[in-house]
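Colleague: I should like to go through this model with you, beginning with its overall make-up and then turning to the details.

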Amino acid sequence: MKKGVMRPGHVQIRVLDMKEAVEHYTDLVGLIETDRDDQGRVYLKAWTEVDKFSVVLRETDQPGCDFMGFKVLDEDTLVSLTQGLKDFGLEVEEIPAEELKGCGRRVRFTVASGHAFELYADKEYTGKWGVTEVNPEAWPRGLSGMKATRFDHALFYGPNLPEVLDVFTNVLGFHLAEQVMDPDGNRIAQFLTASMKEHDIAFIHSDEPGQLHHTSYYLETWDDVLRAADLISMTDTSIDIGPTRHGLTHGKTIYFFDPSGNRCEVFCGGDYTYPDHKPVTWTADELGKAIFYHDRVLNERFLTVLT
Amino acid sequence: MPAYQVFNRTTGDSFTCNGDQSVLKAMELVGKKCVPVGCRGGGCGFCKIRVVEGDFECGKMSKAHVPPEALAQGEVLACRIYPQADLTIECVPQPVDAIVEQATRAKQTTTRPMR
């Protein structure tokens, strides 16, 4: 929050078949459909989120991620961060208010890893789903599937990680929470946060730009992660790995795929961080353990299957 | 539902696949590993194969991994094809020599009498 970026606000995911995708993200993951637009995009949110949407699905012939957006404190912050991005040398695109329904103007830029990000200050405040603002109950009835509580973070694969780190830390005020270093001193993974969460966004090096590794949704308990695994089996959903624990962040996790092959994670727990914490470092020779703390071996599919 | 034989001529493996089952799923169910398994959703391109012979139906696949010109040459994702006849497939990319050599070696292996 050092420079006014509050949190991940939304992600737009490309899917091959909208009907299948909506079923996956609502019936299975437990997000709630909040709107559709004349482009055919479907808007979803998790129940604890206060704004109108956090996940947008767009049907096309190539799965992956269009962009991820971060909500900033206010309009003044948006103006100053936009100037910061321009001063850094990035091209900035203005997206008018209501291009996404219920969302104010957005400022879009593409970083050196080939991923598009957005900043925005305003989005329609609809409150937490299914609970009242005053004297709220613990959770709403009527949630589906895994009952995900929020869109938490995304992990992207791409090149030029040092430049990406520079933008996120020096321009946007994130700090580096965790990293993986190779023997030559290159940072091959960087987990960045604008909050106390161990990651609001993460990057792993690959030569191919602009790739999505996964979007991640937060659950409350390890039992919820186990139950998510049960649901993955009950629905014959494509599983990747888990339930298990990460070395990086120490989160408890399971990975699976949406019907278009975009990887999803639901997880709970994980470490916390403050801006005065030194980055947690893992070394590349322990990468297997860093990624899957119990297996302790490199998993080729997890490292190379991307959209 | 009719069942068909799928023969991977790169590795020499063969397995049965129902007409309503993807080739990748049928392979996984019998525990074979002759095609790499990725997302199983037509998105990552990990399970790309070439169908050399046989008819099949095809679900939606990422254009990034199967552009029209590749599809025209029989390149598909195993997770998204459903056989309508016995299929002969091969792994891609594979140099021609390697295919011949592996198929020959595999054939020798499979025809060796069991003891």
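**Chain B and strand β1 of chain A**

Modeller: In this predicted model, buried residues make up 43% of the 115 residues in chain B.

Colleague: In what order do the elements of chain B run from the N terminus on?

Modeller: Chain B holds three helices and seven strands. Read from the N terminus, these elements of chain B follow the order β-β-α-β-β-α-β-β-β-α.

Colleague: What share of the contacts in chain B with a separation of 6 or more is due to residues 24 or more positions apart?

Modeller: A contact here requires heavy atoms within 4.5 Å. Among the contacts in chain B with a separation of 6 or more, residues 24 or more positions apart account for 57%.

Colleague: Is strand β1 of chain A largely enclosed or not, and how many of its residues are buried?

Modeller: Buried means under 20% relative accessible area. Strand β1 of chain A, residues 5-15, is largely enclosed by the rest of the structure, because the buried ones among its eleven residues number nine.

Colleague: Which strand runs parallel to β1(A), and which residue is the bridge partner of Gln12(A) there?

Modeller: β1(A) is joined to β5(A), residues 64-72, by eight bridges in an antiparallel arrangement, and in β5(A) Lys71(A) stands opposite Arg7(A). The parallel pairing, of five bridges, is with β4(A), residues 55-59. In β4(A), Gln12(A) has as its bridge partner Val56(A).

Colleague: Where does UniProt place the feature "domain: VOC" in chain A, and what is the strand content of residues 150-269?

Modeller: The unreviewed UniProt entry places "domain: VOC" at residues 7-122 and 150-269 of chain A. Residues 7-122 are 22% helix and 39% strand. Residues 150-269 are 20% helix, and their strand content is 46%.

Key
Residues numbered from 1 in each chain as written. Chains lettered and ligands numbered in written order. Predicted model: local features only at pLDDT ≥ 70, side-chain atom pairs only at ≥ 80, totals over all residues. Heavy atoms only, no water. Buried < 20%, exposed > 50% of the residue type's maximum accessible area, 1.4 Å probe, protein only. Helix = DSSP H or I, 4+ residues; strand = E, 2+ residues; numbered from the N terminus. Pairing = 2+ DSSP bridges. UniProt positions renumbered as here; feature names shortened; annotations may be inferred.
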